[in-house]
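I opened this notebook to look up two things, the open space in the fold and the contacts between aromatic rings.

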Amino acid sequence: MKTTPEHNQRIAKMTFASVFPHYMTKIEKKGRTLEELYEVIEWLTGYDKDKLEELIAEKVTFETFFQNATLNPNAELITGVICGYRIEDIQNPITKQVRFLDKLIDELAKGRQMKKILREA
C-alpha cells in the first residue's frame, strides 16, 4: 500500500498519549511487561520512562515525538509489513518512524526474544 499525504498528516498529528494505552493493552494481553515496552521504546527513540511519561502528559504529537527523538542507528534494520504497509517502502520519515514503533510493539506482543526485537547480534 502507498501512503497518501492525508494519511501521513493524520499519523503525524496523532498524539503519542492516545496510542500508548493501546500499546500497553496489546503487550500485557500477551504476557509481556511494561518494563519491556519501555525498553523497546527507549531503544528506538532514546526516551527513558520518565521522559515518556512527560511526553504523554504533554500530549505531544507523533511529529514532535519523533522530531525530538534520537533514533537508534539500527532502526533501519526494522523491516516487514505492519498495518498493511511495507516499512522499507514508506517515504515519509514520521510515518516510517511510527511504523518502526508499531512493528517493535507487534514483535514484543508476539513473544519474540528481546535481543531480536532490539536488532542485536
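Before sorting a lining by character, I fix the classes: Ala, Val, Leu, Ile, Met, Phe, Trp, Tyr, Cys and Pro count as nonpolar, Asp, Glu, Lys and Arg as charged, and the others, Gly among them, as polar. I keep in mind that this is a predicted model, in which local features need pLDDT of at least 70 and side-chain atom pairs count only at pLDDT 80 or more, while totals for chains, interfaces and linings use all residues. Residues are numbered from 1 along each chain as its sequence is written, and side-chain values use heavy atoms, with hydrogens and water left out.

Pocket entry. I looked up the largest pocket (an open set of points on a 1 Å grid over the protein atoms alone, with protein on both sides within 12 Å along at least five of seven lines; lining residues have an atom within 4 Å of a point). I noted that 13 residues line the largest pocket, with Val19, Tyr23, Cys83, Arg99 and Asp102 nearest its centre. By class, I read the lining as 9 nonpolar, 1 polar and 3 charged residues.

Aromatic entry. I found 9 aromatic pairs in the structure, where rings of Phe, Tyr and Trp (its six-membered ring) pair if their centres lie within 6.5 Å, and planes under 30 degrees apart count as stacked, over 60 as edge-to-face and the rest as tilted. Phe16 and Phe62 make an edge-to-face pair, at 5.9 Å centre to centre with 90 degrees between the planes. I also recorded one aromatic cluster, formed by Phe16, Phe20, Tyr23, Tyr38, Tyr47, Phe62, Phe65 and Phe66. Phe16 is buried (under 20% relative accessible area, with exposed over 50% and partly exposed in between, 1.4 Å probe, protein chains only), at a relative accessible area of 0%, and Phe62 is buried at 0%.

Terms used. 1 Å grid on protein atoms, 1.4 Å probe; cavity = no way out; pocket = protein on both sides within 12 Å on 5 of 7 lines; lining within 4 Å.
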